[in-house]
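I set out below what I looked up in this entry, beginning with charged pairs and then turning to the ligand.

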Amino acid sequence: MVMLQRCVFKRIQQLYSGNQASTKSLLSGFSTALLQGHRPAACRNISSLPDVKEKTLVVVKPDGVQRSLVGQIIQRFEQRGFKLVGLKMLQVSEDLLSQHYCQLRTKPFYPTLVHYMTSGPVVVMVWEGYKVVETSRMMVGHTNPAEAQAGTVRGDFSIHVSRNVVHASDSPEGAQREIQLWFEGKELLNWDSCYQTSTCEV
Ligand code: DAT
Ligand code: MG
């Protein structure tokens, strides 16, 4: 990369010092630098980096599906640079939900939470990337939309905690547990995105 930068700098110097470098020779400098072993980042292998393979579960809840927010929510994660490795739409059962929200079973709002979450289809996804769990929580925003910052999903699309549009796992361990609950192993795809090395230095 340094070699490539030097090459570009040298050509710019030549141009400004009155040396008549043509566009053709400027471009030939790029290809020479590339041929000399400066491969584009997209060619490198990232499989040895567990950091960038972190996964999280994101669910568009029934209110998000009803309000046609699925596309906008997916777009935010794509735009941020995360990779979609699992996606499906389903009507969630009370059994699955009680396992998903096992820590909330004793809360007074639990029965209404179950009613709401089973009231219509949800779209469930697994996103992968560097610090995806922590970053997704920031992107989703505060549990209570009244306290969620503008720019977050909840801060932009919701007003009340009982209809907060989206779920995102709150820790890497929680994500692993939730992903296993919602997805079978074969439903998650291990694929190479051509953007991978453009979004993370490896
Ligand atoms: P989060 O979804 O931000 O991880 P959580 O795990 O504490 O928040 O709660 C799960 C869901 O339960 C939350 O998204 C909405 C609902 N919920 C939480 N607190 C609530 C409350 N006080 N009243 C009604 N619903 C609530
Ligand atoms: Mg939670």
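I searched the whole structure, a predicted model, for salt bridges (a side-chain nitrogen of Lys or Arg within 4 Å of a carboxyl oxygen of Asp or Glu) and found six. I then looked up K53, which forms a salt bridge with E128, the closest N and O atoms being 3.8 Å apart. This pair links distant parts of the chain, 75 residues apart: K53 is in the loop between helix 2 (23-35) and strand 1 (55-60), and E128 is in strand 3 (residues 122-128). Helices (H or I, at least four residues) and strands (E, at least two) are DSSP runs, numbered from the N terminus.

I next listed the residues with a heavy atom within 4 Å of ligand 1: K61, Y101, L104, F109, L113, R137, T143, R154, V161 and N164. This shell divides into five nonpolar, two polar and three charged residues.

I checked oxygen atoms of ligand 1 for polar contacts (N or O pairs within 3.5 Å). The side chain of K61 has an N or O atom 2.9 Å from such an oxygen, T143 has one at 2.4 Å, and N164 places a polar side-chain atom at 2.8 Å. The protein buries 73% of the 510 Å² that ligand 1 exposes when taken alone (Shrake-Rupley method, 1.4 Å probe).

Residues are numbered from 1 along each chain as its sequence is written, and chains are lettered from A and ligands numbered from 1 in the order written. Local features need pLDDT of at least 70, side-chain atom pairs count only at pLDDT 80 or more, totals for chains, interfaces and linings use all residues, and side-chain values use heavy atoms, without hydrogens and water.

Technical notes
Polar contact = N/O pair within 3.5 Å; in protein donor to acceptor, adjacent residues only side chain to side chain. Nonpolar A, V, L, I, M, F, W, Y, C, P; charged D, E, K, R; others polar.
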